[in-house]
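Here are some exercises to work through with the model open beside you. Try each one before you read its solution.

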Amino acid sequence: MTAKASATALLAVDVQHDFLAGGALAVPDADAVLAPLAQLALRHPLVIATRDFHPRDHISFVERGGPWPAHCVAGTEGARIHSDVDRLARTVISKGMDRDTEAYSGFDGTPLERLLRSLGVVNLVIAGLATDYCVRATALAAVTAGFATTVVLDAVRAVDIRPDDGAKALAEMAAAGVTLAPSVELAATAAS
Ligand SMILES: [Zn+2]
């Protein structure tokens with residue numbers, strides 16, 4: 001493999017058991033992201049995964065007045081990244097580890113930006129969960145940090161507490177400069 005001056009990283013956001021089918025905070029149809037993610041990884045072999053990795057008494061949990069049931073508690077099965085993604089990931093970035101701080105973005109309080117810079121990454125392809133929370137926050141932060149950022153439409157799924165939350169988040173990302181593309185379109189681009 002030759003080194004590229006403008007490397008692309010595939011960022012797999014929070015593909016963890018608590019967000020997948022049967023999880024504590026299952027995102028509707030979440031498992032549908034796995035197949036396109038695997039296909040994307042064939043074309044973008046530099047895969048970095050993020051994970052929610054909370055203490056048992058995290059501020060985002062209902063017991064502490066937060067919006068979410070307890071999820072992705074560090075060391076539990078629910079916090080594990082799906083094996084299909086975990087085995088592809090070069091590095092796993094943990095977030096939300098401080099009990100009193102929420103972190104939807106993979107860049108928030110993590111070494112992600114430093115890692116990407118050190119790898120020469122300028123293009124980020126983002127997939128995972130959930131469109132209206134951690135994908136949204138991560139994509140917006142990526143654009144702000146100056147990365148050319150693409151969110152893969154068929155490789156993300158939304159919580160949709162309100163039915164259009166996911167659609168609104170996508171529109172917001174597009175307005176901020178994020179490219180929205182289906183995985184087949186990325187395939188055509190990669191092949192040309
Ligand atoms: Zn969380």
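A cut-off to keep at hand: a residue is called buried if its relative accessible area is under 20%, exposed if over 50%, and partly exposed in between. Bear in mind that this is a predicted model.

**Exercise 1. The zinc site**

Find the protein donors of the zinc ion, then work out where they come from in the chain.

*Solution.*
Step 1: Start at the metal. The zinc ion has D52 (OD), H54 (NE2) and H71 (NE2) as its protein donors, at 2.0 to 2.1 Å.
Step 2: Read the spacing along the chain, which is D-x1-H-x16-H. D52 sits in strand β2 and H71 in the loop between β2 and α2, so you're looking at a link between distant parts of the chain, 19 residues apart.Step 3: Place H54, which belongs to the loop between β2 and α2.
Step 4: Apply the cut-off. D52 has a relative accessible area of 3% and is buried; H71 is buried at 2%, and H54 is buried at 0%.
Step 5: Look around H54. Neighbours within four places in sequence aside, its contacts include S60, F61, C72, K95 and E102, as well as the fellow donor H71.

**Exercise 2. An aromatic pair**

Describe the geometry of the pair W68 and Y133, then decide whether each residue is buried or exposed.

*Solution.*
Step 1: Get the general idea straight. Two numbers describe a pair of aromatic rings: how far apart the centres are and the angle of the planes.
Step 2: Put in the values. For W68 and Y133 the centres are 4.9 Å apart and the planes make 90 degrees. Planes over 60 degrees apart count as edge-to-face, and that is the label for W68 and Y133.
Step 3: Locate the partners. W68 is in the loop between β2 (47-52) and α2 (83-86), while Y133 is in helix α4 (residues 131-144), so the pair ties together parts 65 residues apart in sequence.
Step 4: Check accessibility. W68 comes out at 7%, which means buried, and Y133 at 17% is buried too.
Step 5: Widen the view. W68 and Y133 share one aromatic cluster with Y104, and the count of aromatic pairs comes to three.

While you're looking at rings, try F53: the charged end of R51 sits over its ring, 3.6 Å from the centre.

**Exercise 3. Helix α4 and its surroundings**

How many of the residues of α4 are buried, and what do they pack against?

*Solution.*
Step 1: Count. Of the 14 residues of α4, 10 are buried, so the helix is largely enclosed by the rest of the structure.
Step 2: Name them. The buried set is T131, D132, Y133, C134, V135, A137, T138, A139, L140 and A142.
Step 3: Find what they touch. These buried residues pack against β1, β3 (89-95), β4, β5 and α5.
Step 4: Take the helix partner. The axes of α4 and helix α5 (residues 165-175) come within 9 Å and cross at roughly 5 degrees. Angles under 35 degrees count as roughly parallel, which is how α4 runs relative to α5.
Step 5: List who makes the contact. On the α4 side you have T131, D132, Y133, V135, R136, A139 and L140; on the α5 side, D165, G166, A169, L170, E172 and M173.
Step 6: Look just past the helix. G146 follows α4 and has a positive phi, near 100 degrees.

**Exercise 4. Backbone oddities**

Which backbone values are worth a second look at L129, A130, D14 and C72?

*Solution.*
Step 1: Recall the background. Most peptide bonds are trans, and most residues other than glycine have a negative phi.
Step 2: Check the peptide bond from L129 to A130, which is cis, with omega near -15 degrees. A130 belongs to the loop between β4 (121-129) and α4.
Step 3: Move to D14, a residue other than glycine whose phi is positive, near 50 degrees. D14 is in the loop between β1 (7-13) and α1 (34-43), and its relative accessible area of 0% makes it buried.
Step 4: Do likewise for C72, where phi is again positive and near 50 degrees. C72 lies in the loop between β2 and α2 and is buried at 0% relative accessibility.

**Exercise 5. Placing A148**

Where does A148 lie, and which residues does it contact?

*Solution.*
Step 1: Locate A148 in strand β5 (residues 148-157).
Step 2: Classify A148. Its relative accessible area is 41%, so it counts as partly exposed.
Step 3: List the contacts. Leaving out neighbours within four places in sequence, A148 touches V122, N123 and L124.
Step 4: Compare with a distant point. A32 is 116 residues away from A148 along the chain, and their C-alpha atoms are separated by 25 Å.

How values were computed: Residues are numbered from 1 along each chain as its sequence is written. This is a predicted model: local features need pLDDT of at least 70, side-chain atom pairs count only at pLDDT 80 or more; totals for chains, interfaces and linings use all residues. Side-chain values use heavy atoms; hydrogens and water are left out. Rings of Phe, Tyr and Trp (its six-membered ring) pair if their centres lie within 6.5 Å; planes under 30 degrees apart count as stacked, over 60 as edge-to-face and the rest as tilted. Helices (H or I, at least four residues) and strands (E, at least two) are DSSP runs, numbered from the N terminus. Buried means under 20% relative accessible area, exposed over 50%, partly exposed in between (1.4 Å probe, protein chains only). A charge sits over a ring if NZ of Lys or CZ of Arg is within 6 Å of the ring centre and within 35 degrees of the ring normal. Donors are N, O and S atoms within 2.8 Å of the metal (3.2 Å for Na, K and Ca); water is not among the atoms, so sites may look incomplete. Axes are lines fitted to C-alpha atoms, for helices over the stretch in contact, and angles run from 0 to 180 degrees between N-to-C directions. Angles under 35 degrees count as roughly parallel, over 145 as roughly antiparallel, 65 to 115 as roughly perpendicular and the rest as oblique. Contact means heavy atoms within 4.5 Å.
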